[in-house]
Every structure is written in C-alpha cells, then in structure tokens.
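Subject: Structure handover

Dear colleague,

I am passing this structure on to you, and below it you will find notes on what turned up when I went through it. Please look at the model first and then read on.

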Amino acid sequence: MTTLADNPDLAHHGDLELSPGLIDLAVNVLRPEPPPWLRQVLAESLATLAAYPDPTIAEAAVAARHERPTSEVLMTAGAAEAFVLLARAVRPAHAVIVHPQFTEPEVALRSAGHQVDRVLLDAADGFRLHPEQIPPSADLVIIGNPTNPTSVLHPAQTLRAIARPGRMLVVDEAFMDAVPGEPESLANARDVPGLLVIRSMTKMWGLAGLRIGYAVGEARVLGALSRAQPLWAVSSPALAAGAACFSPRAQNEAMATALQTDLQRAYLLERLATLPQVRTYGRARAPFVLIETAGADQVRLQLRERGIAVRRGDTFPGLGSDWLRIAVRPYATTDRLIAVLRSILG
Ligand SMILES: Cc1ncc(COP(=O)(O)O)c(C=O)c1O
C-alpha cells in the first residue's frame, strides 16, 4: 500500500507547466479553441441561463452514440468530476489503479478515505497489461485507455478479461475519441459486468474551461454515481455543447481530427527517433507521446528557457526524473521542438 505522503505531486497536471509566451506541449487538449460552430452553440445557450440545466437532450445524444438506454448515461462536469462521484459512491475493499496513469482517480479515492493499491506496468514490456497482474481480491479496478501518459491503447479483450461479477471495472476513455474508429472502446459494451466507462469532451473540442464529460455503463453503477452528484452540476452551456458534439457533422470533424493527430504523432515519433538519447516504449495511440531521456527533469527546464513547455513525468507513479510527456502538435511546432531538443541534448 502507498500513502498520499509518498506522492506529494499527484495533484500536478500539465496546465501547471504553462506560462504566458511558452509553446504548449504540456496540456493534451487537441485544439487551441473550440471550433466556430461550437462557439455559436455556446453563445446561443446563454439565452437559456435563467433556467436550471436539463441534461435530457445531452443524455439522449450520448445514449444514441453508445447504443444504450439513458439510464446508463450520466453527464458530468468533465471526466474529472466522474472520478470524484465514483469515490463518493463506492466502498471498495480492495481498490487497484493501473499505473502509470492520470493521477486524479487515485487522488479522488484517497481524498474520500479509500486505500489504493497500485499495479505498475513495465516500460520494457511496452506498458502492456496482463490480466493476471490484477490481484484476484480487487473489487475496483481503474485503468486508462488509451492511457495518459504512456499513450498505450489496451486491447478491449484484455480489459474484458479483467471484468467479473463483484468487481467494478472503470475505464477512463478520456482520449478514446482521438483514436480513429475507437477500435478498443468499451463504451458501447453492455455485456461487461460492473463496467463504468468515463469519457471527456474537453480534449477533442477544446472545452477544458467549460467542463463537460460523461459516464456510461451498468445502470446500477450509474445510479450510484448519479446519487452522489450535486444537483445541477453540469451547466446549460456545457450540456448544449455536449449534445452538439454528437451531431453527424461534429462526429465527422472529430474523425478528421483523430486521423490528423495520427499523422502528426507519426511525424513526432519519426523526428524523435533521430535523437539517439531519446527512447520510447510501446505503441503510442493517443495525442501525446511519453519519452525517456537521461536527466529529463533538467531537459524540461532547459526547454522552458527556450520557450517550450512539456509535461514532467516524475509525478506519475512508476515513472521518474528521466521521463517527459510531449503533446502531439502541428508539424512546424514539432520541428521547433526537435531542433531545440537536439541542441539541448548535444
Ligand atoms: C486520462 C485523463 N482522464 C481524465 C482527464 C480529465 O478530463 P476532463 O477535462 O474531462 O475533466 C484528463 C485530463 O487531463 C486525463 O488526462
């Protein structure tokens, strides 16, 4: 077992790396601002602000997208709120989090008084998950797919192999909409016992400041989360945006962004491969790449001095001071990063 005292930096996130003037390779939001049509939706929603928010339309859109009844959907103030609701709703005897991964689920569980056990995936094994790594006694398992910061996309089959009656399986799919076709998503799977899938709408659509996401899964689990949620937790503009992002046009745009991200990530990896001091592990599938290079903590500071913010890796359980996470960005930004990295690494 680990204690919060062992992890003073679990609350660190990429946004803390930013400062005015720095090129942002630290935060994983896919676009610098919401598209114009979405800003129009938000602007129009302002006229409705006198009324209390009603999630019905957004829930119906999510339910249709994931081929589920609305009893299996809950709109949340970003994926982050869903972790807090989960921590409030459950009483796990043995909670297990698969690391390295986004640290908020662990923070939420610990803040609610739960103990957390960690399963650490191995870089040399490509951060692959083997179902037998999950202790049989685990009655709550949390895993990211694709995982932040490793960028690894776990096969749906592997995740299904972890699920069983009496165990809640929470899959954080915050970045799944950046994977073209979402081949390993469980969001539409209605036959997995104890499944809860958490999704974010802030990354794809540039809505981190608006706070919109949702959870889908077994109705029993969703009911428990819903009872833990404060009344009117998700604002009307957030719900309006949430519903609009499931229109056929928006979904086509999301697919185009995901395909473009694939190309930009391939370019980033190709350019990183020209730096002999840099190593990557596993197959990256998310809009960011995890790298290992000796003295990465110092490299990060030197990058900052040269105008580039990247995400430190040492606050993720299982990584250390030799790791950095780099967001996938347009080609010219990647060229700039590589040129600066090359001169720093010598
Ligand atoms: C893996 C992962 N899950 C969830 C979140 C939270 O997303 P949201 O902005 O929807 O709360 C983040 C944010 O960085 C993340 O990286």
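A polar contact here is a pair of N or O atoms within 3.5 Å; within protein, one must be able to donate a hydrogen and the other to accept it, and residues adjacent in sequence count only if both atoms are side-chain atoms. By that measure, an oxygen atom of the ligand lies 2.8 Å from an N or O atom in the side chain of Thr202, and a ligand oxygen is 2.7 Å from an N or O atom in the side chain of Ser200.

The model is predicted, so local features need pLDDT of at least 70 and side-chain atom pairs count only at pLDDT 80 or more, while totals for chains, interfaces and linings use all residues. Residues are numbered from 1 along each chain as its sequence is written, and side-chain values use heavy atoms, with hydrogens and water left out.

Around the ligand (a residue is near if one of its heavy atoms lies within 4 Å) the residues include Phe102, Asn148, Ser200, Thr202 and Arg211. Helices (H or I, at least four residues) and strands (E, at least two) are DSSP runs, numbered from the N terminus, and α3 gives the most to this shell, with three residues.

Elsewhere, the whole structure holds eight aromatic pairs (rings of Phe, Tyr and Trp, its six-membered ring, with centres within 6.5 Å; planes under 30 degrees apart are stacked, over 60 edge-to-face and the rest tilted). Phe127 and Trp323 form an edge-to-face pair, 6.0 Å centre to centre with 65 degrees between the planes. Phe127 lies in the loop between β4 and β5 and Trp323 in strand β11, so this pair ties together parts that are 196 residues apart in sequence.

Best regards
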